[in-house]
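Please open the model in your viewer and keep the selection panel at hand. The stops below go from one selection to the next, and each says what to look for once the residue is shown.

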Amino acid sequence: RLNPLLAGARELLETIRDLEIEIFLITGRCNDIRDETIENFVLVGLAGPGATFDVARLRSGGALIMLDAPLPSGKSVRPFKESQRQRISAHHRIVVNVGDQVSDMGHYGDVQVRTTHPFYHTA
């Protein structure tokens, strides 16, 4: 159940938080595993007292944006992620968009950063 952090992720997120920049996490995960996802954030130290993310805000969907239901087989998560970035950009300037798959990249954000993921590879 534990998904370890990528190297440098904690430091990056803490720096962003310290600069008082709001962080949104858009994922293709479904809401039915929200509690498990938040539990992982707590286990790796990203959520909880003094951590980057407030557990209540993650539970409410404020910072952690997840799918309402699984996508049909073969359907891309990219339109969902794009619609969420569009919604966020109506009220916020998206400075950096970071992700490890093509669906994480889009037309939003001053800078697009595609990272590698040590546990899987996506096109």
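Begin by selecting Ser76, which in this predicted model lies in the loop between strand E2 (64-67) and helix H4 (78-89). With a relative accessible area of 41%, Ser76 is partly exposed, because the partly exposed class runs between the buried limit of 20% and the exposed limit of 50%. Show its side chain and follow it to the backbone nitrogen of Arg78, which the side chain of Ser76 reaches at 3.0 Å. Then add Ser103 to the selection and draw a distance between the two C-alpha atoms: Ser76 and Ser103 are 27 residues apart along the chain, and their C-alpha atoms are separated by 7.7 Å.

From there, move into helix H4 and select Ser83, which lies in that helix. Ser83 is partly exposed, with a relative accessible area of 32%. Which backbone atom does the side chain of Ser83 reach? The partner is the backbone oxygen of Phe80, at a distance of 2.8 Å. For a view across the model, select Ala47 as well; Ser83 and Ala47 are 36 residues apart in sequence, and from C-alpha to C-alpha they are 26 Å apart in space.

Keep Phe80 displayed and select Ile26, whose place is in strand E1. When neighbours within four places in sequence are left aside, Ile26 is in contact with Ile65, Phe80, Lys81, Gln84, Arg85 and Ile88, and it is worth colouring these residues as one group before rotating the view. Helix H4 spans residues 78-89, and among the contacts of Ile26 are Phe80, Lys81 and Gln84. To look further along the chain, add Gly99: Ile26 and Gly99 are 73 residues apart in sequence and 9.6 Å apart in space, taken between their C-alpha atoms.

The next selection is Gly106, found in the loop between strand E3 (96-99) and strand E4 (111-114). Is Gly106 buried or exposed? Its relative accessible area is 19%, so Gly106 counts as buried, since the limit for that class is under 20%. Displaying its surroundings brings up Arg78, Glu82, Arg85, Asn97 and Gln112, with which Gly106 is in contact once neighbours within four places in sequence are set aside. Arg78 has already appeared at the first stop, as the residue whose backbone nitrogen is reached by the side chain of Ser76; from C-alpha to C-alpha it is 8.3 Å from Gly106, although the two are 28 residues apart in sequence. Arg85, too, has been met before, as one of the contacts of Ile26.

Now go to Thr37, which is found in helix H2 (residues 34-43) and, at 4% relative accessibility, counts as buried. Two partners of its side chain can be shown together: a polar contact of 2.7 Å joins the side chains of Thr37 and Arg29, while the backbone oxygen of Ile33 is reached by the side chain of Thr37 at 2.8 Å. Not counting residues up to four places away in sequence, Thr37 touches Arg29, Leu64 and Met66.

For contrast, select Glu20, placed in the loop between helix H1 (9-18) and strand E1 (25-30). With a relative accessible area of 74%, Glu20 is exposed. Its backbone also deserves a look, as Glu20 has a positive phi of about 60 degrees although it is not a glycine.

Finally, clear the selections and view the whole chain as a cartoon. Its secondary structure comes to four helices and four strands, which from the N terminus on run α-β-α-α-β-α-β-β. The radius of gyration is 14 Å, close to the 14 Å that the globule rule gives for 123 residues, so the chain is as compact as a globular protein of that length. Taken along the principal axes, the C-alpha atoms fill a box of roughly 40 × 30 × 30 Å. Of the 123 residues, 31% count as buried, and among contacts with a separation of 6 or more, 50% come from residues 24 or more positions apart. If you switch on the surface, its accessible area comes to about 7800 Å², of which 56% belongs to carbon and sulfur atoms. Colouring by charge gives a last view: the mean positions of the 14 positive and 15 negative charges are 5 Å apart.

Conventions. Residues are numbered from 1 along each chain as its sequence is written. This is a predicted model: local features need pLDDT of at least 70, side-chain atom pairs count only at pLDDT 80 or more; totals for chains, interfaces and linings use all residues. Side-chain values use heavy atoms; hydrogens and water are left out. Helices (H or I, at least four residues) and strands (E, at least two) are DSSP runs, numbered from the N terminus. Buried means under 20% relative accessible area, exposed over 50%, partly exposed in between (1.4 Å probe, protein chains only). A polar contact is a pair of N or O atoms within 3.5 Å; within protein, one must be able to donate a hydrogen and the other to accept it, and residues adjacent in sequence count only if both atoms are side-chain atoms. Contact means heavy atoms within 4.5 Å. The radius of gyration is taken over C-alpha atoms; the globule rule is 2.2 Å times the number of residues to the power 0.38. Accessible areas come from the Shrake-Rupley method with a 1.4 Å probe; for residues, only the protein chains shown count as cover. Lys and Arg count as positive and Asp and Glu as negative; His and the chain ends are not counted. The place of a charge is taken as NZ of Lys, CZ of Arg, CG of Asp or CD of Glu.
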